[in-house]
Amino acid sequence: MLVDAAVRPEEFPPDFVWGAATASYQIEGAATLGGRTPSIWDTFCAEPGRVVGGDTGDVACDHYHRYGEDVGLMRTLGLAAYRFSVSWSRVLTPSGEVNADGLGFYDRLVDEVLAAGIDPWVTLYHWDLPQHLEDAGGWPARDTAARLAELAAVVGGRLGDRVGHFITLNEPWCAAFLGYGNGIHAPGRHSAADAVAASHHLNLAHGLSVQALRAAAPDALVGTTLNLYPVTAAFPGADSEDAVRRIDGLQNRWFLDPALLGSYPDDVLADLGALVAPTLIQDGDLGTIHQPLDFLGINYYTRHVVRPSAYPGTNAGEFTHRGLPTAANGWEVDPEGLTEILVRVARDYPALPLFITENGSAWDDTVEADGSVVDADRLAYLAAHLAACARAREQGADVAGYFAWSLLDNFEWAEGYAMRFGLVHVDFATQRRTVKASGEWYGRFVRAARDILSP
Ligand code: PNW
């Protein structure tokens, strides 16, 4: 890939938040240690054919034991902030008790991050639902929303004296539609109605968790993270315009509107029709979901280019490409889409600081004879997307920070360890970490932007 994107540190304000992100199941390992019980991802990985290569998160990056080294890498990169998620089934037991060992891990991690001069940003839910809650119905069951608020109270209460930013959910669209709709993610169920029910209960869980966090951690700032995509028609025509509206509705507005405007979009309700069970959206739900937020997290990877038959979650080839370069996982590299989605969100949902809480790309990295990792494509991707953030800021979007996905190569869900997104290469046989060329570049850029000296 070749992207010609000049971007300079001076294009960002001194208080712009520079970070990197991870998620618990993707890096921690230690799946059975410290009282952790199984999550839906442990179960899913154990089922043949679900994950490429039969890979699991049992060991992953062994971050549970190596977090000190990993925080050292963050410091080397000059990061101002580190976004990670908590493993729900580490923190709470199936009977709802606090597991002191599990919560203690995050307590130590937060202290280590702070001691390195880095701000911890904590995501409550990044897809690893405790298996016992799935057995009780999972996200299609309304009760699961209240259970997340219990986690919020515990985590907020324990970490809220030191953590300045909490994110309720990571990408509820994925959790609902990939988990319960097309089944490519855990728990691997295939029901459109269940996916829609899950999406409403995730939205509800967001609202309830904001309330719980406000009570438990009154000094912290609270937001959520959505995976948003600009949606473009593959070719002109009225059918295409309707496909754009439908995909944009379910992918973007179905999550943005209730959280930020207090209503579901009428056109999406009409599209879904009987998939929205009569008892699903209850009186008062939208008021609960619509909590004042301090920021919105946006994860951006690519654009959706749709044909008339497109429908999210169906995975049936209705999405297409524009002929741009594609990363190793097939996602088109489209930095202009990032500018577009930022400017659009700033226009339609004003007065909310926006943070890129994930952006990055998978490539087949080359490990040189001397052990260095050359990843020119990832470096170019990063530079082009930082330039896209700068363009959005010039157009008035309040883009206040950027978290690269990901700090480390890690367990890439259904793709297992085959797809590498890290700024830091991980040799999974030895757990040896090597900062890639992209990581070196990002570190230099961040240090220049923050006006801090090299280590
Ligand atoms: C996001 N899709 O996942 C997640 O937040 C990360 O945990 C993940 O590692 C990263 O992006 C890279 O994939 C997604 O198929 C996974 O549409 C799949 C999809 C979207 C986002």
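**Ligand shell.** I started at the ligand in this predicted model and counted 18 residues surrounding it. The closest are Gln 26, His 126, Glu 358, Glu 412 and Trp 413. I sorted the shell by residue type and got 10 nonpolar, 5 polar and 3 charged. Which element gives the largest share of that shell? I found helix H8 (residues 172–181), with 3 residues.

**Polar contacts.** Next I looked up distances from ligand oxygens to side chains. For Glu 412, a polar side-chain atom sits 2.6 Å from an oxygen atom of the ligand. The side chain of Trp 413 has an N or O atom 2.8 Å from a ligand oxygen. For Trp 405 I noted 3.1 Å between a side-chain N or O atom and an oxygen of the ligand. I then checked cover: on its own the ligand has 450 Å² of accessible area, and the protein covers 91% of this.

**Barrel.** I traced the strands and found a closed barrel of 8, in the order E1-E2-E3-E4-E5-E7-E10-E13, with parallel pairing. From one strand to the next, the twist averages 25°. I picked one pair to look at: E5 (residues 221–227) and E7 (residues 295–299) are parallel and share 5 bridges. Within E7, Leu 296 is the bridge partner of Thr 224.

**Helices on the sheet.** I ended with two helices. H5 (residues 100–115) packs on the sheet and touches E2 (81–85) and E3 (119–125). The direction of H5 makes about 170° with that of E2. H9 (residues 192–216) lies across E3, E4 (165–170) and E5, and I noted that H9 runs at about 165° to E4.

Conventions. Residues are numbered from 1 along each chain as its sequence is written. This is a predicted model: local features need pLDDT of at least 70, side-chain atom pairs count only at pLDDT 80 or more; totals for chains, interfaces and linings use all residues. Side-chain values use heavy atoms; hydrogens and water are left out. Two strands pair if DSSP finds at least two bridges between them. Helices (H or I, at least four residues) and strands (E, at least two) are DSSP runs, numbered from the N terminus. Axes are lines fitted to C-alpha atoms, for helices over the stretch in contact, and angles run from 0 to 180 degrees between N-to-C directions. Contact means heavy atoms within 4.5 Å. A residue is near a molecule or strand if one of its heavy atoms lies within 4 Å of it. A polar contact is a pair of N or O atoms within 3.5 Å; within protein, one must be able to donate a hydrogen and the other to accept it, and residues adjacent in sequence count only if both atoms are side-chain atoms. Accessible areas come from the Shrake-Rupley method with a 1.4 Å probe; for residues, only the protein chains shown count as cover. Ala, Val, Leu, Ile, Met, Phe, Trp, Tyr, Cys and Pro count as nonpolar, Asp, Glu, Lys and Arg as charged, and the others, Gly among them, as polar.
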